[in-house]
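Here are some notes to read alongside the model, written for someone meeting it for the first time. Please keep the structure open as you go through the points.

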Protein chains: 2
Amino acid sequence: MDFNKFEDKFRMIHEKINDALIGEPKRLYDASRYLTKAGGKRIRPLLCLLACKAVGGKIKDALETAVAIELIHTFTLIHDDIMDKDELRRGVPSVHKTYGESTAILAGDLLFSKAFELCDSRAIKILAEASAEICEGQEMDMSFENRTYVTEREYLEMIRKKTAVLIKAATQAGALLGSDNKEEIDRLAEYGLNIGIAFQIHDDILGIFADEEKLGKPVGSDIVEGKKSLIAIKAIEKLEGKEKDRLLEILNKKGNARDEINLAVKLFRDSGAIRYCKAKAIQFVEMAKKAINELPESDAKKDLMRIADFVVERKI
Amino acid sequence: MDFNKFEDKFRMIHEKINDALIGEPKRLYDASRYLTKAGGKRIRPLLCLLACKAVGGKIKDALETAVAIELIHTFTLIHDDIMDKDELRRGVPSVHKTYGESTAILAGDLLFSKAFELCDSRAIKILAEASAEICEGQEMDMSFENRTYVTEREYLEMIRKKTAVLIKAATQAGALLGSDNKEEIDRLAEYGLNIGIAFQIHDDILGIFADEEKLGKPVGSDIVEGKKSLIAIKAIEKLEGKEKDRLLEILNKKGNARDEINLAVKLFRDSGAIRYCKAKAIQFVEMAKKAINELPESDAKKDLMRIADFVVERKI
């Protein structure tokens, strides 16, 4: 998918982010801006703007809320990297590696504050509720690391909260600011939730196979950290005997060596877990597309349809 | 001052806090509730309710926003304790000591999210701007620890942001939700800002002299950590020669022994710095009382006047 066509929207988003993150002490604001400069797909604010357009609204009505959502996303990345002890993010050292943990905690808190300064008052509850659920999802994710078995249902609930609710908030808030048609707002919320779940399942696949340089973090780091991805859950479910025991051993140990990671990846593949997860992600994409199928035709609707497909086709 | 008269208000606040902090995962919600159970003065939500009453408003109109302010306050305590490596808070092990750092970061983030779920939409910007300034103030405070000299002006700017703006937000938001008289809202904002500054100066004095058991944290810990309090700043300014050098040495070193802490306290006293700070705190209290002097007489106004005095008389 060619994102160049959204260049004007990305520029508006970028300018608003910069405007929001000017202040003193300089070190704190530098830390807050750091990841926003390091790239990132900006897919959440884009979805917010497109959802607004798709229901007949104007970009300017949703722009500040779109930026607020990107700030919340960035805040969660900074705090998650501290908790997960991830040293790389978007190909650069993570914020706590660069500015120290204390300033990183504060930089996240500042982004969170700025998000609520920017957000349209009509969308505050959507963003606040999503933020609370993100915290719940991250706590679930961390607790999974200490467990041998996690079910698919538990995993889906975790990524719904950790990843999908913010994407849902983006499309729901965008639609809310563009229209008062409750049915259409609900449809866009449903769309966002489903592509959000597909996005995370695909992200877990990328985390195992993608090119380290493109991904901006070490390949296989989820395995090293004992993250319970849907791939891992399914592979354990499908394997038997020695292979299952060996995989469990690798996944429940932290700090695996390269050959152990390679074996885990081989077992993921051989068990059919990868195939299963790819199909699952596509299933959620189809639900997302179905949710907005009845919307009036528009360029924005077409873009949302294409982005849904892109979510599971992207290489990064 | 007898706070028992506010018992019904404290009960309402307490119930609302409990209602707001029910959820799953249990461990995360336990961590979020932990400090709210450990006591705390609840002076911010009380001030919010009294400010609302003082301009003719109803308690129920400000109650949820008052609770939102207490949640923001609790969130900042949890994150500050992580940054400052404080192991005790309100006489109990701090949240990160009890639940680990990751869950403590998340518990703070969750409280922040819940605050914006609860807050009246008219008061969102006040709370969001205050939160951003609190982050700026904490970053200033941390940066002071690495500096030999800090001026009184810099210190006052730091505590304005770190402590006073949230107390200001409490009285300003309370007034806003009780009246549309802009002048009265401004007066209550001014009141909150000034008692907030007095509160922090007095807190620094308590941190040096108060009884360890009452304070709930080790006496002299500010000196151990090299915190630049107004007392320290003034003492350095007033002392000369060997005494000044010795004090600078103690204040710029972390992990002082008990006899060094005792010497610092003696120098604080002998230099007249304590006397100066007590007078300064009273000066801000007088400004606070003057700000609301012109408000119509009411029980709430009388309470606000008494609380202003209490701020610099309290032993805890």
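1. A word on burial comes first: a residue counts as buried when its relative accessible area is under 20%, and as exposed when that area is over 50%. Please also keep in mind that this is a predicted model. By that cut-off, Tyr34(A) and Tyr99(A) are both buried. Phe3(A) and Phe10(A) are buried as well.

2. Those four residues also appear among the aromatic pairs, of which there are 16 over all chains. The ring centres of Phe3(A) and Phe10(A) lie 6.5 Å apart with 35° between the planes, so this pair is tilted. Tyr34(A) and Tyr99(A) make an edge-to-face pair, with 5.7 Å from centre to centre and planes at 85°. Because Tyr34(A) belongs to helix H2 (residues 26-37) of chain A and Tyr99(A) to helix H5 (residues 95-99) of chain A, their pairing ties together parts 65 residues apart in sequence.

3. Now to the two chains together. A turn of 180° with a shift of 0.0 Å along the axis lays chain B on chain A, with an RMSD of 0.0 Å. That is the relation of a two-fold axis. Which residue of chain B comes closest to the rotation axis? It is Ser121(B), whose C-alpha is at 3.1 Å.

4. The copies meet through the same surface, because 100% of the interface residues of chain B are also interface residues in chain A. One aromatic cluster has members from both chains: Phe75(A), Phe112(A), Phe116(A), Phe75(B), Phe112(B) and Phe116(B).

5. Within chain B, have a look at how two helices cross. The axes of helix H2 (residues 26-37) and helix H6 (residues 101-118) of chain B come within 8 Å and cross at roughly 75°. That makes H2(B) roughly perpendicular to H6(B). Residues of H2(B), including Leu28(B) and Tyr29(B), meet a set in H6(B) that includes Leu106(B) and Leu110(B). By class, this contact has 7 nonpolar, 2 polar and 2 charged residues.

6. Helix H4 (residues 59-84) of chain A holds Glu70(A), and Thr74(A) is in H4 of chain A too. Glu70(A) is buried at a relative accessible area of 2%, and Thr74(A) is buried at 1%. Leaving aside neighbours within four places in sequence, Glu70(A) is in contact with Ile17(A), Arg42(A), Arg44(A), Pro45(A) and Arg90(A). With the same neighbours left out, Thr74(A) is in contact with Leu35(A), Thr36(A) and Leu111(A).

7. Finally, some backbone details. Most residues other than glycine have a negative phi, and most peptide bonds are trans. The bond between Glu24(A) and Pro25(A) is cis, with omega about 0°, and the bond from Glu24(B) to Pro25(B) is cis as well. Pro25(A) sits in the loop between helix H1 (7-20) and H2 of chain A.

8. Arg42(A), one of the contacts of Glu70(A), has a positive phi of about 55°. Arg42(A) lies in the loop between H2 and helix H3 (43-54) of chain A and counts as buried at 10% relative accessibility. Lys85(A) has a positive phi near 55°, in the loop between H4 and strand E1 (88-89) of chain A. Is Lys85(A) buried or exposed? Lys85(A) is exposed, with a relative accessible area of 64%.

Notes:
Residues are numbered from 1 along each chain as its sequence is written. Chains are lettered from A and ligands numbered from 1 in the order in which they are written. This is a predicted model: local features need pLDDT of at least 70, side-chain atom pairs count only at pLDDT 80 or more; totals for chains, interfaces and linings use all residues. Side-chain values use heavy atoms; hydrogens and water are left out. Axes are lines fitted to C-alpha atoms, for helices over the stretch in contact, and angles run from 0 to 180 degrees between N-to-C directions. Helices (H or I, at least four residues) and strands (E, at least two) are DSSP runs, numbered from the N terminus. Angles under 35 degrees count as roughly parallel, over 145 as roughly antiparallel, 65 to 115 as roughly perpendicular and the rest as oblique. Contact means heavy atoms within 4.5 Å. Ala, Val, Leu, Ile, Met, Phe, Trp, Tyr, Cys and Pro count as nonpolar, Asp, Glu, Lys and Arg as charged, and the others, Gly among them, as polar. Copies are superposed by least squares on the C-alpha atoms of residues with pLDDT of at least 70 in both. Rings of Phe, Tyr and Trp (its six-membered ring) pair if their centres lie within 6.5 Å; planes under 30 degrees apart count as stacked, over 60 as edge-to-face and the rest as tilted. Buried means under 20% relative accessible area, exposed over 50%, partly exposed in between (1.4 Å probe, protein chains only).
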